[in-house]
Amino acid sequence: MASTQEIRRGQWQMLAAMALSGTLGWFVLQSGQPALHVVFFRCLIGTVCLAGFIAWRGLWRPWLFTAGSMMLCLGGGVALVGNWLLLFNAYHYSSIGIATVVYQAQPFILYGMAVLWLGETASRHKLAALGLAFGGMLLIVWPTLAQDKAGGQWWIGVGLALGAAALYALATLITKRLPAGIPAPLIACLQTLAGVLLLWPLLQPQRLAEAGAAAWGCLAVLGVVHTCGMYILMYSAFRWLPTHLIGALGFVYPLVAVLVDYLAYRHALLAWQWLGAVLIVLANAWMNGWLRWRWGGRLSAVDKS
């Protein structure tokens with residue numbers, strides 16, 4: 001069992017990782033490159049850095065993959081890369097804040113997949129939480145779409161963000177089927193390598209030639225900081241933190257993304273959208289057992305100390 005000091009260290013590591021996640025959209029847009037190029041260089045640079053970290057930690061040996069687990073790992077990588085492609089394109093069609101908040105539907109999509117494909121029991125309180133989250137999603141999306149003057153561009157952004165959430169949930173399901181003894185950084189390295197191999201033939205040399213120093217700087221930060229550094233922080237935090245703290249700290253990500261979107265592009269959420277975001281947070285907390293609804297109308301925190 002982790003000590004108090006280890007849990008505190010894990011909390012700071014998770015906070016740093018989620019804060020970095022919230023700034024990701026700004027670097028994607030500032031690079032000025034197509035989402036495909038951004039994802040490719042994120043995968044390429046991330047693979048090189050993760051491979052170095054794995055070598056430093058001596059995790060290449062012994063080799064723990066079988067042919068079957070390798071196929072699962074690479075399949076999860078394809079889903080993960082597809083998730084990045086959709087999410088980064090969503091930033092262009094809607095906004096960083098809207099896309100990131102909609103992307104928080106992933107836990108509910110994951111639960112739905114587990115019920116449909118893995119035979120998990122659909123409990124009443126989790127279904128009610130799904131309904132609450134869906135209501136929150138409507139509150140987030142509808143005010144913006146009702147004012148959409150761009151010929152349906154916001155609808156595309158929201159659809160892409162939901163598609164990204166579905167692919168991330170799929171990648172999670174696939175990765176959870178891998179043997180528990182395989183180090184997480186090794187899984188991440190092989191999955192980003194899958195992205196390199198998948199996207200290499202699709203690069204547009206002309207667009208790359210147009211990239212200036214600022215664009216290459218953004219791509220480097222996305223690969224080194226937002227892929228290698230962020231994943232190492234998260235995996236280290238996962239070792240020490242209980243599940244309920246991991247989930248709770250995960251909500252720093254959309255909050256930072258909304259703040260960055262406002263500071264950089266003056267995209268502010270409306271009051272109804274903030275209410276929707278709160279409903280999604282509460283629904284996630286309720287579904288995962290961090291909050292418990294008591295008869296009589298009181299919502300209380302669950303003591304998980």
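Guide: A salt bridge here is a side-chain nitrogen of Lys or Arg within 4 Å of a carboxyl oxygen of Asp or Glu.

Visitor: Which side chains meet in a salt bridge?

Guide: Arg-207 and Glu-210 do, at 3.6 Å from N to O. A search of the whole structure finds one salt bridge. This is a predicted model, in which local features need pLDDT of at least 70 and side-chain atom pairs count only at pLDDT 80 or more, while totals for chains, interfaces and linings use all residues. Residues are numbered from 1 along each chain as its sequence is written, and side-chain values use heavy atoms, with hydrogens and water left out.

Visitor: Is Glu-210 buried or exposed?

Guide: Glu-210 is exposed, at 54% relative accessibility. Buried means under 20% relative accessible area, exposed means over 50%, and partly exposed is in between (1.4 Å probe, protein chains only). Arg-207 is partly exposed, because its relative accessible area is 29%.

Visitor: Switching to cysteines. How many disulfides does the count come to?

Guide: Zero. The rule asks for a pair of cysteine sulfur atoms within 2.5 Å. Cys-43 counts as buried at 0% relative accessibility, and Cys-218 counts as buried at 8%.

Visitor: What about the overall fold: how many helices and strands are in the chain?

Guide: The chain has 13 helices and two strands. Helices (H or I, at least four residues) and strands (E, at least two) are DSSP runs, numbered from the N terminus. Of the 305 residues in the chain, 46% are buried.

Visitor: And how much area does the chain expose?

Guide: About 15200 Å², with carbon and sulfur atoms supplying 68% of it. Accessible areas come from the Shrake-Rupley method with a 1.4 Å probe, and for residues only the protein chains shown count as cover.

Visitor: What share of the contacts is between residues 24 or more positions apart?

Guide: Those account for 83% of the contacts in the chain with a separation of 6 or more. Contact means heavy atoms within 4.5 Å.

Visitor: Let's take α8. Why is α8 described as largely enclosed?

Guide: Twelve of its 16 residues are buried, so α8 is largely enclosed by the rest of the structure. Among the buried ones are Pro-185, Cys-189, Thr-192 and Val-196.

Visitor: What do the buried residues of α8 pack against?

Guide: They pack against α2, α3 (67-93), α7 (153-176) and α10 (213-240). Helix α8 itself covers residues 184-199 and reaches 23 Å from its first C-alpha to its last, close to the 22 Å expected at 1.5 Å a residue. The expected span is 1.5 Å times one less than the number of residues in the helix.

Visitor: On the α2 side, which residues does Thr-47 touch?

Guide: Thr-47 touches Cys-189, Thr-192, Leu-193 and Val-196, not counting residues up to four places away in sequence. Thr-47 sits in helix α2 (residues 35-57) and is buried, with a relative accessible area of 10%. Its C-alpha is 10.0 Å from that of Pro-185, and the two residues are 138 residues apart along the chain.

Visitor: What follows α2? Where is Pro-62?

Guide: Pro-62 lies in the loop between α2 and α3. A cis peptide bond joins Arg-61 and Pro-62, with omega at about -5 degrees.

Visitor: Now α5. Where is Gln-106, and which residues does Gln-106 touch?

Guide: Gln-106 is in helix α5, and its contacts include Ala-165, Tyr-168 and Ala-169. Gln-106 counts as buried, at 13% relative accessibility.

Visitor: Is Leu-116 buried or exposed?

Guide: Leu-116 is exposed, with a relative accessible area of 68%. Leu-116 lies in helix α5 (residues 106-117). Leu-116, Trp-117 and Leu-118 form a nonpolar patch on the surface, with about 410 Å² of accessible area together. Patches are made of residues with over 30% relative accessible area and no salt bridge: like charges are joined within 9 Å, nonpolar side chains (Val, Leu, Ile, Met, Phe, Trp, Tyr) within 5 Å.

Visitor: Last one. What phi does Arg-266 take?

Guide: Arg-266 has a positive phi of about 60 degrees although it is not a glycine. Arg-266 is in the loop between α12 and α13 (271-287), and is exposed at a relative accessible area of 55%. The preceding helix, α12 (residues 252-265), has 14 residues and reaches 20 Å, close to the 20 Å expected. Buried residues in α12 include Tyr-253, Val-256 and Val-260.
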